[in-house]
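Got the viewer up and a few minutes to spare? Load the model shown here and follow along, one selection at a time.

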Amino acid sequence: MGDFDIREQIQASLDASPFAVFCGFRAEEADKAAGRLVLRMPMRPDMERLADSGQMHGGPIACLIDTAGCYAATLVLGHGVPTINFRTDYLRPVIDSGLTAVAVVRRAGRTVTVADVDVFDDRERLVATGRATFGSRAG
């Protein structure tokens, strides 16, 4: 199975989640060999920190980091994984911009998998980073 098929499978999984659909997640790239996933999220008015500010609330950014890391881990392990913990570092405000998360699995162990996630705005500026830890065992 090629990476295009894997990306389509990830997108189908996202499309099966009402919350992921609400967020507008789009799987742009999936490279199993590299443990790398690129996930896109558009800006929406209901994600604004304050009405008519154009500034994205931190919650959707954190959600993007968790989701991108989770699907990168799933890509490598071949099954869904639960989040154990994740952190988000906000580096600059996101204003009137969608986001692109680039998640890379750093370690896929027997019990724990770790992914790092960089988040970029539409101008390709790094706006947030995160690290997420997931359980590695299947169901």
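Start by coloring the charges: the chain has 16 positive and 18 negative ones, and their mean positions are 8 Å apart. Here Lys and Arg count as positive, Asp and Glu as negative, with His and the chain ends not counted. Each charge is placed at NZ of Lys, CZ of Arg, CG of Asp or CD of Glu.

Two housekeeping notes. This is a predicted model, so to speak of a local feature takes pLDDT of at least 70, side-chain atom pairs count only at pLDDT 80 or more, and totals for chains, interfaces and linings use all residues. Residues are numbered from 1 along each chain as its sequence is written, and side-chain values use heavy atoms, with hydrogens and water left out.

Now switch to cartoon. You should find three helices and six strands, running α-α-β-β-α-β-β-β-β along the sequence; these are DSSP runs (helices H or I, at least four residues; strands E, at least two), numbered from the N terminus. The radius of gyration is 14 Å, close to the 14 Å from the globule rule for 139 residues, so the chain is as compact as a globular protein of that length. That radius is taken over C-alpha atoms, and the rule is 2.2 Å times the number of residues to the power 0.38. Along the principal axes, the C-alpha atoms fill a box of roughly 45 × 25 × 25 Å.

Next, select residues 58-77, which is helix H3. Its 20 residues reach 29 Å from first C-alpha to last, close to the 28 Å expected at 1.5 Å a residue (1.5 Å times one less than the number of residues). Is H3 mostly buried or exposed? Of its 20 residues, 16 are buried, so H3 is largely enclosed by the rest of the structure. Buried means under 20% relative accessible area, exposed over 50%, and partly exposed in between (1.4 Å probe, protein chains only). Across the whole chain, 46% of the 139 residues count as buried. Step just past H3 to Gly78, whose phi is positive, near 85 degrees.

Last, two loop stops. Most residues other than glycine have a negative phi. Pick Asp96, between strand S3 (83-90) and strand S4 (99-108): its phi is near 50 degrees, and Asp96 is exposed at 59% relative accessible area. Then hop to Glu124, in the loop between strand S5 (112-121) and strand S6 (126-135). Phi of Glu124 is also positive, near 65 degrees, and Glu124 is exposed, at 69%.
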